Number of protein chains: 2
Amino acid sequence: MAKKLGTQTVVLDTQPVIIGSAAIVGKKEGEGPLARYFDDIIEDEYAGEKTFEAAESRFMLNAYNKALEKSGKSASDIDFILSGDLLNQCTAASYAFRDVSIPYFGLFGACSTMSESLVLASMLIDSGAASNVVCAVSSHFCSAERQFRFPLEYGSQRTPTSQWTVTGAGAVILSKEGQGPRITCVTPGKIVDEGIKDSNNMGAAMAPAAADTIMAHLKDTGRTVDEYDMILTGDLGSFGSQMLVELLKRNGIDTKDKHHDCGTMIFDLNRQDVVCGGSGCACSATVLSSYIMERFRNNQLKRILFVATGALLSPTRIKQGETIPSIAHGVCIEA
Amino acid sequence: MAKKLGTQTVVLDTQPVIIGSAAIVGKKEGEGPLARYFDDIIEDEYAGEKTFEAAESRFMLNAYNKALEKSGKSASDIDFILSGDLLNQCTAASYAFRDVSIPYFGLFGACSTMSESLVLASMLIDSGAASNVVCAVSSHFCSAERQFRFPLEYGSQRTPTSQWTVTGAGAVILSKEGQGPRITCVTPGKIVDEGIKDSNNMGAAMAPAAADTIMAHLKDTGRTVDEYDMILTGDLGSFGSQMLVELLKRNGIDTKDKHHDCGTMIFDLNRQDVVCGGSGCACSATVLSSYIMERFRNNQLKRILFVATGALLSPTRIKQGETIPSIAHGVCIEA
């Protein structure tokens with residue numbers, strides 16, 4: 001049985017295992033510093049499909065198939081799929097999984113969806129209801145830009161705090177037993193809204209949510225930052241990361257060299273013209289599913305806190321003058 | 001510990017209890033046959049807010065507050081909120097719950113979100129991670145029409161298979177102990193897509209998903225329709241309901257007088273000009289949270305199978321010529 005620890009953390013009895021994972025990315029991500037860790041790089045932004053939305057489903061399905069293959073499981077072993085994406089009506093996920101015939105739960109946590117799915121999947125495994133759960137998320141630069149900002153054809157200028165939505169998908173197979181890193185506890189996040197209205201400054205909107213979850217996690221577990229090899233946020237980017245470090249410092253937490261952000265890891269910020277770094281559900285999901293898992297396999301990591309961050313942005317509400325609520329879920333992964 | 005039964009059903013060990021529920025609806029719903037069961041009827045379609053989207057968040061928050069009050073719990077007793085809606089980026093839920101300071105999971109199951117949240121919440125309670133969970137969903141006729149079809153100002157004609165999105169919100173407080181109907185087992189649904197492309201015929205898109213889940217539930221539990229007082233679907237409407245009954249009959253299941261649909265219950269189809277009936281997340285959620293709970297309290301119901309149905313419709317993908325994937329999750333509720 002899972003147990004509540006402090007006010008917001010849940011300690012997992014089964015310690016679910018990441019028995020397989022896969023990351024499929026697009027061309028630009030395949031030119032970045034983590035290129036050699038990805039399972040596949042699809043150069044065609046349409047991925048052989050007719051639309052960007054269909055392409056995103058293709059990335060998702062490929063990541064799922066690859067993760068399943070690597071886990072040694074077959075589709076009939078999977079109890080549930082937990083999945084989501086950024087598109088209106090989570091359409092990349094719904095269309096990707098309509099033919100797999102596995103009970104499905106659609107999630108929406110914006111770019112935090114990878115950790116949202118891992119948090120829920122861990123507790124479902126602890127409940128005894130599931131032995132193997134798929135967590136899969138995707139994003140696509142072209143489908144996201146036209147939905148949240150402007151169609152690419154407009155050739156819009158990018159602002160100094162903007163980020164670049166990662167094209168790709170990450171999938172993890174979580175199991176009640178097997179070999180691999182384990183999820184030992186989780187800290188589900190609360191919605192935090194500090195009043196940011198600029199949809200080109202998602203890092204600033206999400207940093208307070210990340211700080212809130214990290215502080216809750218450390219308080220609940222009674223641990224210090226030193227007890228982690230890495231505090232890994234999802235897609236704060238360079239600007240949001242600075243804000244997070246500053247916010248934590250003001251609350252008496254020195255992150256030292258432990259904080260890293262998938263958004264600044266997946267691209268070379270000096271060379272790839274992505275301004276503040278990567279974003280999108282696939283940003284943290286592909287980095288976790290590839291590079292981070294590889295570092296666990298090589299014994300370079302013993303314990304990390306993975307905190308994917310999501311800006312629960314609605315273009316409609318932004319046009320109505322509203323601010324951007326954000327959320328971050330914490331997942332403690334150990335060797 | 002929860003236990004898998006057959007291929008798709010999960011039997012709950014704690015049998016989580018619905019200790020409180022509330023339904024807040026709009027003017028048209030308040031003129032329908034179930035008017036006297038609702039907790040509140042808000043005549044103003046803006047609910048005192050400036051936009052339809054903000055109004056929908058207001059309905060959601062009011063339903064949450066009322067359900068909490070009726071359950072005798074306070075916000076600090078709640079471990080998690082599971083919530084979603086139809087709007088792009090699930091914005092009604094995100095904005096409703098940004099100030100409550102409770103760990104939050106955003107869900108997207110379209111109009112199936114009420115049963116998706118109950119299924120997940122039941123298993124989370126069975127895991128030991130949660131004692132009290134809020135499940136809350138909303139929809140709004142005005143925000144849904146302009147997003148999925150046309151702005152109301154166009155005065156579009158309605159087609160013979162169209163349905164009317166319910167304005168309102170339903171909230172349920174699910175607890176590991178207390179007085180009230182219990183969730184004894186759940187049957188999470190698979191995504192089913194039988195090729196319907198008409199976004200004005202959601203009943204036809206969703207009926208095969210409902211049939212799939214109902215058949216899986218009966219097969220897994222070894223029960224017949226006779227062992228239920230009611231098989232209650234979410235929002236198939238009159239046309240989709242006919243299809244469901246026909247589909248089940250072809251598979252050897254006679255629903256007799258047991259099948260009812262919240263979409264045909266919430267409005268008077270002869271009098272209220274809603275064509276095939278109600279739809280939207282709030283359709284099944286408000287009927288379940290009010291009328292159905294009342295019938296349990298009066299000992300008129302002993303066991304029902306609640307199957308909220310969702311069309312995972314994306315206007316973008318429909319314009320690209322795609323079909324509508326659908327899903328339905330089954331929740332067995334017993335006195």
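1. Start with where the two chains meet: 48 residues of chain A are in contact with 48 residues of chain B. Contact here is a matter of C-beta atoms, placed from the backbone, lying within 7 Å. Keep in mind that this is a predicted model, where local features need pLDDT of at least 70, side-chain atom pairs count only at pLDDT 80 or more, and totals for chains, interfaces and linings use all residues. For finding your way around, residues are numbered from 1 along each chain as its sequence is written, and chains are lettered from A and ligands numbered from 1 in the order in which they are written.

2. Which elements of chain A build the side that touches chain B? At least two residues each come from β1 (3-5), β5, α2 (91-96), β6 (104-106), α3 and α9 (315-319). The top contributor is α3(A), with six residues. These labels follow DSSP runs numbered from the N terminus (helices are H or I, at least four residues; strands are E, at least two). By class, that side of chain A splits into 23 nonpolar, 16 polar and nine charged residues. Nonpolar covers Ala, Val, Leu, Ile, Met, Phe, Trp, Tyr, Cys and Pro; charged covers Asp, Glu, Lys and Arg; the others, Gly among them, count as polar.

3. Now the symmetry. Chain A lands on chain B after a rotation of 180° with 0.0 Å of shift along the axis, at an RMSD of 0.0 Å. That is the relation of a two-fold axis. Within chain A, Ser127(A) has the C-alpha nearest the axis, 1.8 Å from it. The superposition is by least squares on C-alpha atoms of residues with pLDDT of at least 70 in both copies. Since 100% of the interface residues of chain A are also interface residues in chain B, the copies meet through the same surface.

4. Look at the α3 pair next. The axes of α3(A) and α3(B), residues 113-127 in each chain, come within 8 Å and cross at roughly 60°. The two helices are therefore oblique to each other. (Under 35 degrees is roughly parallel, over 145 roughly antiparallel, 65 to 115 roughly perpendicular, and the rest oblique; axes are lines fitted to C-alpha atoms, for helices over the stretch in contact, with angles from 0 to 180 degrees between N-to-C directions.) The crossing is left-handed, that is, the near helix is turned anticlockwise from the far one by less than a right angle, with clockwise giving right-handed.

5. Who touches whom there? On α3(A) the contact uses Leu120(A), Met123(A), Leu124(A), Asp126(A) and Ser127(A), and on α3(B) it uses Leu120(B), Met123(B), Leu124(B), Asp126(B) and Ser127(B). Sorted by class, they are six nonpolar, two polar and two charged.

6. Inside chain A, the domain assignment (automatic or from a database) gives domain 1 (3-175) and domain 2 (182-334). Their centres, taken over C-alpha atoms, are 17 Å apart. The contact takes 60 residues from domain 1 and 62 residues from domain 2. Here too α3(A) turns up: with seven residues, it gives the most to the side of domain 1 that touches domain 2. That side has 29 nonpolar, 23 polar and eight charged residues.

7. One more helix pair, in chain B: α5(B) (residues 202-221) and α6(B) (residues 237-250) pack at about 40°, with axes 8 Å apart. This crossing is right-handed. The contact has 12 nonpolar, three polar and no charged residues.
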